[in-house]
Amino acid sequence: MRKSAKKVSKEKKGGAQPLLQSAKGMRDILPEEQAWWRRVREAGEEIADFYNFMRIDTPIVERAELFERGVGSGTDIVEKEMYFLKTRGDRLVLRPEGTAPVIRAYVEHGLSRLGQPVKLYYTGPMFRHEQPQAGRYREHNQVGFEIVGGEGDPLYDAQSIVIGARLLHALKIKKIIVRLNSIGCRVCRPVYRRKLVDYYRRLESKLCKDCKRRLAANPLRILDCKNEHCLEFKARAPVVMDYLCSGCRNHFKGVLEYLDEVGLVYVLTPHLVRGLDYYNRTVVEFFIEELGIALGGGGRYDYLGELVAGRRMDVPAVGVSLGMERMVAAMQAQGTSGRERPKARVFLVQIGEEAKRKALGLIEKFREANIKVIESLGRESLKSQLRLADREEVDLALLFGQREVFEGTVIIRDMKSGVQETVPLEKVVEEVKRRL
Ligand code: AMP
């Protein structure tokens with residue numbers, strides 16, 4: 001390939017290029033952090049298995065319309081946070097959240113045939129063009145649990161809340177506050193919305209710029225605003241609980257009774273609303289005061305199915321999703337350890353060309369027997385390899401040198417006692433197994 005003239009001249013001059021770094025708000029998860037990630041992933045899977053959730057993976061790229069219709073055009077996510085892809089055809093975005101794609105897949109593939117309700121879980125990255133700050137990235141990972149179908153029974157609201165709390169408990173994350181509210185339905189929410197608009201209209205000139213906009217587009221979102229003045233007004237704002245219809249009130253009562261039954265402690269939070277439009281009735285947030293952030297949230301979203309399908313359809317659903325970066329941060333802040341990779345108990349030390357050539361084959365024999373063996377084939381000296389074996393805290397070292405290759409043997413060294421024994425090469429796996 002021809003290099004461009006500009007590039008060649010720069011290279012010739014030896015002009016340094018700026019160091020390339022990850023894009024703003026994106027981060028690498030380095031090997032030293034992976035133990036926590038492993039623990040979060042494994043705990044998510046164990047919880048999913050226990051409560052009988054099936055895994056679903058949806059594409060990272062979706063049509064923009066899915067979120068415009070599903071999440072709602074008056075939300076921050078859709079209004080200003082979606083990553084659009086430049087393509088020649090469809091308007092595509094990187095998914096900003098996981099629930100709308102799951103419901104799209106459920107409707108598209110007729111997953112109601114799998115039983116009622118269908119329990120699905122996912123993990124994966126989400127993308128939002130937000131202002132990065134502590135615990136807020138432009139790419140973050142979520143683990144989500146969705147219960148779809150099942151006639152909107154409050155039992156499932158309670159179960160999804162219990163699942164979120166159990167996951168945090170399994171990770172030994174302490175001092176979690178489960179905040180709960182109900183935001184009503186199509187019948188009662190508009191009444192509340194009007195009351196809220198009446199209240200804030202009188203204060204309009206004193207609201208922040210964003211809230212002035214929200215007042216017309218999505219007044220409930222004013223309750224999410226963190227601006228000091230807006231927070232003051234929020235304290236006296238009408239609460240949705242006073243306007244719930246009897247259906248919603250009974251439903252919420254049902255959720256609380258189920259939670260009481262399992263002894264899950266919650267805090268009723270009358271002004272809790274969620275940033276996404278699709279919620280109705282139950283909304284929940286798992287808040288950790290120590291870090292001042294929510295580790296997860298969710299609720300019921302009975303109307304999402306028909307928004308996605310574009311026709312009247314009854315798809316009652318409820319779910320929670322938890323932020324993996326934030327769970328890792330909480331574990332680290334509270335001094336909870338991660339889960340290390342399984343440690344190897346055997347180290348292969350080879351000395352000389354012949355032994356090195358045969359070492360790979362020997363390792364394969366151990367792999368077949370499911371015994372993890374580590375090595376440092378790039379190293380030559382016995383001393384440096386034994387030092388490494390010591391550092392890895394293995395139980396046994398296998399010493400394989402010129403003489404052993406010639407005689408068809410291997411020396412097994414017990415790293416604690418230093419006792420060594422020579423065994424025939426074809427018996428070494430068996431002998432190691434016996435000693436471990
Ligand atoms: P949401 O989809 O907004 O309900 O978010 C669910 C959970 O994902 C939140 O409770 C956070 O733990 C996490 N989360 C949301 N946005 C971000 C972000 N920008 N960076 C890190 N974690 C996030």
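The exercises below treat two sheets and a ligand site in a predicted model.

In this predicted model, local features need pLDDT of at least 70 and side-chain atom pairs count only at pLDDT 80 or more, while totals for chains, interfaces and linings use all residues. Residues are numbered from 1 along each chain as its sequence is written, and side-chain values use heavy atoms, with hydrogens and water left out.

**Exercise 1.** State the strand order of the five-stranded open sheet and find its edges.

*Solution.*
1. Helices (H or I, at least four residues) and strands (E, at least two) are DSSP runs, numbered from the N terminus. Two strands pair if DSSP finds at least two bridges between them.
2. The order is β13-β12-β14-β15-β16, with mixed pairing.
3. β13 (373–375) and β16 (420–424) each have a single partner strand, so one side of each is left without a neighbour in the sheet.
4. Neighbouring strands here are turned by 30 degrees against each other on average, direction ignored. Axes are lines fitted to C-alpha atoms, for helices over the stretch in contact, and angles run from 0 to 180 degrees between N-to-C directions.

**Exercise 2.** Describe the pairing of β12 with β14, and place helix α13 and helix α14 against the sheet.

*Solution.*
1. β12 (residues 346–350) pairs with β14 (residues 396–400) in the parallel sense, over five bridges.
2. In this pair, L348 stands opposite L398 of β14.
3. α13 (residues 353–368) lies across β12, β13, β14 and β15 (409–414), at about 160 degrees to β12. Contact means heavy atoms within 4.5 Å.
4. α14 (residues 382–391) lies across β12, β14 and β15, and runs at about 175 degrees to β12.

**Exercise 3.** Identify the residues that come nearest to the ligand and list polar distances for E130, Q142 and R274.

*Solution.*
1. Of the 15 residues around the ligand (a heavy atom within 4 Å), the nearest are R128, E130, Y137, R274 and L295.
2. The polar contacts (N or O pairs within 3.5 Å) are tabulated by side chain.

| Side chain | Ligand atom | Distance |
|---|---|---|
| E130 | nitrogen | 2.6 Å |
| Q142 | oxygen | 3.3 Å |
| R274 | oxygen | 2.4 Å |

3. Taken alone the ligand exposes 480 Å², of which the protein buries 92%; accessible areas come from the Shrake-Rupley method with a 1.4 Å probe.
4. β6 (139–148), β10 (293–300) and β11 (317–323) each give two or more residues to the shell, and β10 gives the most, with four residues.

Definitions and conventions: A polar contact is a pair of N or O atoms within 3.5 Å; within protein, one must be able to donate a hydrogen and the other to accept it, and residues adjacent in sequence count only if both atoms are side-chain atoms.
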